[in-house]
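Subject: Structure handover

Hello,

Here is the structure I promised you. Please open it alongside this note, and read on for what turned up.

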Amino acid sequence: MILPETETYRLISPRVNQGDHRGRFVKYFSADSAEEVIPMVESFYSTSAKGVIRGMHFQSGEYAQAKLVTCVYGEILDVIVDLRKDQPTYGEVFSTVLSSENANCLYIPVGFAHGFKTLSEHATVLYHCTAAYSAQHEGGVHLDSLGFDWGGIDADLLSVRDKSFLPLETFKSPF
Ligand SMILES: Cc1cn([C@H]2C[C@H](O)[C@@H](COP(=O)(O)OP(=O)(O)O[C@H]3O[C@@H](C)C(=O)[C@@H](O)[C@H]3O)O2)c(=O)[nH]c1=O
């Protein structure tokens with residue numbers, strides 16, 4: 001997929017969110033109502049305990065990914081940072097709460113790094129991506145270098161890889 005260079009992130013509210021005595025039915029994304037078709041090729045989810053932060057991740061080159069992210073169980077603070085060098089918004093952070101309650105979905109174009117913190121006891125985060133996973137094309141920027149207040153970072157709950165990322169200040173963006 002070729003994304004317009006000026007494309008930016010979008011918070012998508014669920015189109016259908018009806019409940020009855022059985023529970024709820026939520027459609028958090030529909031290609032028919034999107035501004036353009038987003039060809040998703042991989043879908044995966046992760047589960048995390050309270051306080052876990054994962055990020056700030058991206059894939060680059062031919063495996064660069066746009067992502068749709070939603071939280072289907074629990075609540076997370078979802079965070080993205082703009083890594084597009086030619087944009088005046090380079091380094092800017094956007095954050096939003098995604099939860100099973102609000103059923104919101106964040107569309108993250110190529111050129112942004114993504115991460116989140118789990119706010120609830122447990123959270124399940126679901127992704128749809130426009131490119132396949134490629135370990136060789138993975139990259140990241142240190143989550144504690146964005147000038148963003150995570151509301152506390154528990155280093156014991158970070159992955160070794162996430163701790164190893166360079167700070168935004170010295171990081172060389174591939175975008
Ligand atoms: C992302 C991913 C990981 N893996 C493997 C690699 C590793 O052995 C294991 C766990 O990977 P990680 O520790 O990178 O998982 P995680 O930290 O949850 O990675 C995710 O973080 C969030 C913030 C994102 O934005 C996602 O795109 C993804 O990068 O799963 C896959 O096989 N396929 C995948 O698509």
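How far is an oxygen atom of the ligand from an N or O atom in the side chain of histidine 114? The separation is 2.6 Å. Please keep in mind that this is a predicted model.

**Ligand contacts**

Two other side chains also make polar contacts with the ligand. Histidine 57 has a polar side-chain atom 2.8 Å from a ligand oxygen. For arginine 161, a polar side-chain atom lies 3.1 Å from an oxygen atom of the ligand. On its own, the ligand exposes 660 Å², and the protein buries 65% of that.

The residues around the ligand are Phe44, Arg54, His57, Lys67, His114, Gly115, Tyr127, Tyr133 and Arg161. By class, this shell splits into 3 nonpolar, 3 polar and 3 charged residues. Two strands each give the shell at least two residues: E5 (53-59) and E10 (112-118).

**The pocket**

Which pocket does the ligand take up? The ligand occupies the space of the largest pocket. The volume of that pocket is about 410 Å³. Its lining has 23 residues, and those closest to the centre are Phe44, His57, Tyr127, Glu138 and Arg161. Phe44, His57, Tyr127 and Arg161 also belong to the ligand's surroundings.

Four elements give two or more residues to the lining: strand E4 (42-49), E5, E10 and helix H1 (160-164). Strand E5 provides the largest share, with 6 residues. Sorted by class, the lining has 9 nonpolar, 8 polar and 6 charged residues.

**Backbone points to check**

Two places in the backbone deserve a look. Most residues other than glycine have a negative phi, and most peptide bonds are trans.

Where is the cis peptide bond with omega near -10°? The bond runs from glycine 55 to methionine 56. Methionine 56 is in strand E5, and E5 also supplies residues to the shell around the ligand.

The other place is alanine 103. Its phi is positive, about 55°, although alanine 103 is not a glycine. Alanine 103 sits in the loop between strand E8 (93-99) and strand E9 (105-108).

**In brief**

The ligand is in the largest pocket. Its oxygen atoms lie 2.6 Å from a side-chain N or O of histidine 114, 2.8 Å from a polar side-chain atom of histidine 57 and 3.1 Å from one of arginine 161. Strand E5 gives the pocket lining its largest share.

Best wishes

Key
Residues numbered from 1 in each chain as written. Predicted model: local features only at pLDDT ≥ 70, side-chain atom pairs only at ≥ 80, totals over all residues. Heavy atoms only, no water. Near = heavy atom within 4 Å. Polar contact = N/O pair within 3.5 Å; in protein donor to acceptor, adjacent residues only side chain to side chain. Areas by Shrake-Rupley, 256 points an atom, 1.4 Å probe, with all protein chains shown as cover. 1 Å grid on protein atoms, 1.4 Å probe; cavity = no way out; pocket = protein on both sides within 12 Å on 5 of 7 lines; lining within 4 Å. Sits in = over half its atoms within 2 Å of the grid points. Nonpolar A, V, L, I, M, F, W, Y, C, P; charged D, E, K, R; others polar. Points joined across faces, edges and corners; volume = space filled by probe spheres on them.
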